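Here are my notes after a pass through this one, in numbered points. Have the viewer open while you read.

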Amino acid sequence: MELCYQLPVLPLDRPVPKHVLSRRGAISFSSSSSLFGAPDPRQLSQRRGAISYDSSDQTALYIRMLGACVIFKQLFSRDVRVRSQVGFEPERRGSHPYLGIDFRTLHSRAESAGSIPVRRIQRLFSFQRHLLSSRLLRGPPHLNPLHILDEDYCGQAKCMLEKVGSWNFNIFLFDRLTNGNSLVYLTFNLLNQYGLIELFQLDMVKVRRFLVLVQEDYHNQNPYHNAVHAADVTQAMHCYLREPKLAQSLTSCDILLGLLAAATHDLDHPGVNQPFLIKTNHYLAALYQNTSVLENHHWRSAVGLLRETEVFSHLPTEDSLSIERQLGSLILATDISRQNEYLSRFRTHLDEDDLCLGNASHRHFILQMALKCADICNPCRPWELSKQWSEKVTEEFFHQGDIEKKHKLEVSPLCDSEANTIASVQIGFMTYVVEPLFAEWARFSDTRLSQTMLGHLGLNKASWSAMEPEASGSSEEGESEPAQVTEEPSSRALSQGSQKS
C-alpha cells in the first residue's frame with residue numbers, strides 16, 4: 001500500500017506556539033516515564049514526541065518530535081488517500097508480450113541503495129503546500145494564531161497571478177513558488193477570474209478536488225508531458241482568450257471549455273508517443289483502434305474525473321453531456337497527425353473571409369485552433385523559457401528512443417539521440433509545424449501578441465541554427481540542402497504524430 005500525503009514541517013528554529021502545548025488530546029512518548037499520563041503543560045516542551053489535536057480545529061493533527069512540530073491538515077477527503085499499487089499498475093502497463101514497461105516509472109531515475117528518496121524528502125519538507133492550498137483558494141483564515149509559516153512564497157505566487165496574462169509568464173518559477181501545484185492554483189485562479197465558478201454555480205470544493213486529481217494524474221516523472229506543461233498551455237490559452245476578437249465573441253461556456261481542455265489536454269500522458277503504443281500492442285492502441293490514441297485517452301480520463309468529482313452534477317444531463325462532447329472535440333484537435341487537416345481548413349476560412357464568430361460552430365473551431373497554438377507555443381516564448389521546454393521535450397524523445405533500442409524495436413523518428421540533436425529537432429519542428437500555424441493565427445488575430453510570438457519564434461530559430469553546425473554552415477551557401485535534411489524527419493514525425501509538444 002502506498003500512502004499518498006505530504007507533511008508540512010515547522011522548521012526547528014521556530015518556537016512552538018503556546019496553544020500547541022496545551023492541546024486537550026495527545027498521544028505522547030518520551031525518555032522519561034514520568035511524563036506519561038497527564039503531565040503539567042509546562043513539561044510538554046520536554047517531550048521527545050507527541051501527536052495531538054486541538055478541539056477548536058479538528059481538521060489539524062499536530063506531531064511534535066525532537067523539537068520539531070509537524071502540522072498535517074486534511075483539506076479534502078482525496079488529498080490523503082491510500083492507494084493500492086496493484087490496483088493501479090495494470091492501467092499503465094504495456095501489453096506487448098516481450099515488454100513489461102511501467103509508464104509510471106519510464107522516466108524515473110534510479111535511486112542509490114540506502115539513500116532517502118528525493119520524493120520522500122520533498123514530501124517531508126513541503127510544509128507550505130497544504131497551507132497554500134487553503135490560503136490561495138479560500139483566503140487567509142481570520143485571527144489565525146499559527147504565525148509559523150513563511151509568507152514570502154505565498155505572496156510571490158499571488159503577485160505572479162496578478163500578471164497571469166503576460167506572455168512572459170514564467171511557469172517554472174510559478175511552479176516552484178507553489179511547490180509543484182502550478183496547475184491547480186493557476187486554473188482555479190482563472191476560473192474565478194472569469195467569474196465562471198459563480199456563473200455556473202460550481203461547488204468550489206468539487207472544483208478544487210477535480211483540479212487536484214487532474215494534477216495527480218499527470219506523470220511528473222515525464223520530462224515534458226507533465227502538469228507544468230498543462231499549466232503552461234492553460235496560461236497560453238488565457239492569453240489567447242483575451243485577444244480582442246475572442247474576448248468580444250466567446251461565451252462563458254466557450255471560455256470554460258477552453259480552460260478545462262487546456263488543463264486536461266495531456267491528462268495521464270505516458271511519456272511515449274502513439275507509434276510506440278501501437279508497436280508494443282498497448283491496450284490503449286487496441287481500444288481506440290490506433291486512431292488519436294493518446295488524445296482519446298486524455299479526453300476519456302478528463303470525463304472520468306469530471307464525473308467522479310461531480311463538478312457538473314447540478315446541471316441538466318443534456319448540458320453536462322454536451323460539455324463532455326465539446327471538451328473531447330477540443331482535446332482531439334491537438335492530435336499533431338491531423339495538423340494539416342486543421343491548418344488547411346483554417347487557411348481556407350481566412351482566404352474566403354467567412355469566419356463568423358457569432359456562429360457557435362465557428363467559435364468552437366477557433367477554440368480548437370487556439371488550443372493547438374497553446375499546445376505548441378513553446379518556440380514562441382522568450383528564449384530563456386523556450387530553451388528549457390525544448391530540452392525537456394527532446395529529453396523525453398531520446399529516452400523513448402533508448403527504450404526502443406533496448407528492446408530492439410524500430411526507433412521512432414526524432415527519438416534517436418545519435419542521429420538527432422536538440423537543435424536539429426527544434427529547427428525542423430519550428431519550420432514545418434510551428435511557423436505555418438502561427439502565421440495563419442497572426443492573419444486571423446493581427447495583434448501585438450501575435451507579432452510578439454512571431455518575433456520570439458524567429459529569434460529562437462536563429463539561436464538554434466547557430467548551435468547546429470550544418471545549419472550555420474549552410475547559411476552562406478543557401479538553405480535548400482539542409483532544409484531537405486531537416487524536412488524528412490519532421491514530415492515523418494508529423495504524419496505519425498511523434499512530435500506532440
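Among contacts in the protein chain between residues at least 6 apart in sequence, what percentage join residues at least 24 apart? The figure comes out at 72%. Keep in mind that this is a predicted model.

1. **Overall make-up.** The protein chain has 22 helices and 7 strands. It runs to 501 residues, and buried ones make up 53% of them. As for the surface, the chain exposes about 23,700 Å², with carbon and sulfur atoms supplying 52% of that area.

2. **The cores.** The largest nonpolar core contains 101 residues. If you want to find its best-connected members, look at Trp167, Ile171, Phe174, Tyr240, Phe312, Phe438 and Trp441, which touch the most other members. There is also a second, separate core of 9 residues, and Phe276, Leu284, Ala285 and Tyr288 are among them.

3. **Phe174 up close.** Which residues does Phe174 touch, not counting residues up to four places away in sequence? The list is Ala157, Met160, Leu161, Phe169, Ser182, Tyr185 and Leu186. Two of these names come back below: Leu161 has a point to itself, and Leu186 turns up in a helix-helix contact.

4. **Leu161.** This residue is found in helix α4, which covers residues 152-161. Is Leu161 buried or exposed? Its relative accessible area is 10%, and the cut-off for buried is under 20%, so Leu161 counts as buried. Leaving out residues up to four places away in sequence, Leu161 touches Phe174, Leu186 and Asn189. With Asn189, the separation along the sequence is 28 residues, while the C-alpha to C-alpha distance is 7.7 Å.

5. **α6 against α9.** Two packed helices are described by the angle between their axes and the distance between the axes. Helix α6 (residues 182-193) packs on helix α9 (residues 227-241) at an angle of about 25°, and their axes are 8 Å apart. Angles under 35 degrees count as roughly parallel, so that is what α6 is to α9. The crossing is left-handed. On the α6 side the contact is made by Ser182, Leu183, Leu186, Thr187, Leu190 and Gln193. The α9 side supplies Ala227, Val228, Ala230, Ala231, Thr234, Gln235 and His238.

6. **α9 against α17.** Helix α9 has another partner to look at: its axis and that of α17 come within 8 Å and cross at roughly 135°. That angle makes α9 oblique to α17. How is the crossing of α9 and α17 handed, left or right? It is right-handed. From α9, the contact uses His229, Val233, Ala236, Met237, Tyr240 and Leu241. From α17, the residues are Leu367, Ala370, Leu371, Cys373, Ala374 and Asp375. Tyr240 is also one of the highly connected core residues from point 2.

7. **α17 against α19.** Helix α17 (residues 360-375) packs on helix α19 (residues 422-444) at about 135°, with the axes 11 Å apart. This makes α17 oblique to α19. Here the crossing is left-handed. Ile366, Met369, Ala370, Lys372 and Cys373 of α17 meet Leu437, Phe438, Trp441 and Phe444 of α19. Ala370 and Cys373 were also named in the contact with α9, and Phe438 and Trp441 in the largest core.

8. **Two backbone spots to check.** Most residues other than glycine have a negative phi, and most peptide bonds are trans. Glu310 has a positive phi of about 60° although it is not a glycine. You'll find Glu310 in the loop between α14 (293-309) and α15 (317-332), and its relative accessible area of 43% makes it partly exposed. Asp353 also has a positive phi, of about 50°, without being a glycine. Asp353 belongs to the loop between α16 (339-352) and α17, and at 66% relative accessibility it counts as exposed.

9. **Glu418.** Where does Glu418 sit? Its place is in the loop between α18 (383-406) and α19. Glu418 has a relative accessible area of 72%, and the cut-off for exposed is over 50%, so Glu418 counts as exposed. Glu418 and Phe398 are 20 residues apart along the chain, and their C-alpha atoms are separated by 9.1 Å.

Conventions. Residues numbered from 1 in each chain as written. Predicted model: local features only at pLDDT ≥ 70, side-chain atom pairs only at ≥ 80, totals over all residues. Heavy atoms only, no water. Helix = DSSP H or I, 4+ residues; strand = E, 2+ residues; numbered from the N terminus. Buried < 20%, exposed > 50% of the residue type's maximum accessible area, 1.4 Å probe, protein only. Contact = heavy atoms within 4.5 Å. Areas by Shrake-Rupley, 256 points an atom, 1.4 Å probe, with all protein chains shown as cover. Core = buried A, V, L, I, M, F, W, Y, C linked by side-chain atoms within 4.5 Å. Axes fitted to C-alpha atoms, helices over the stretch in contact; angles between N-to-C directions. Parallel < 35°, antiparallel > 145°, perpendicular 65-115°, else oblique. Left-handed = near helix turned anticlockwise from the far one by under 90°.
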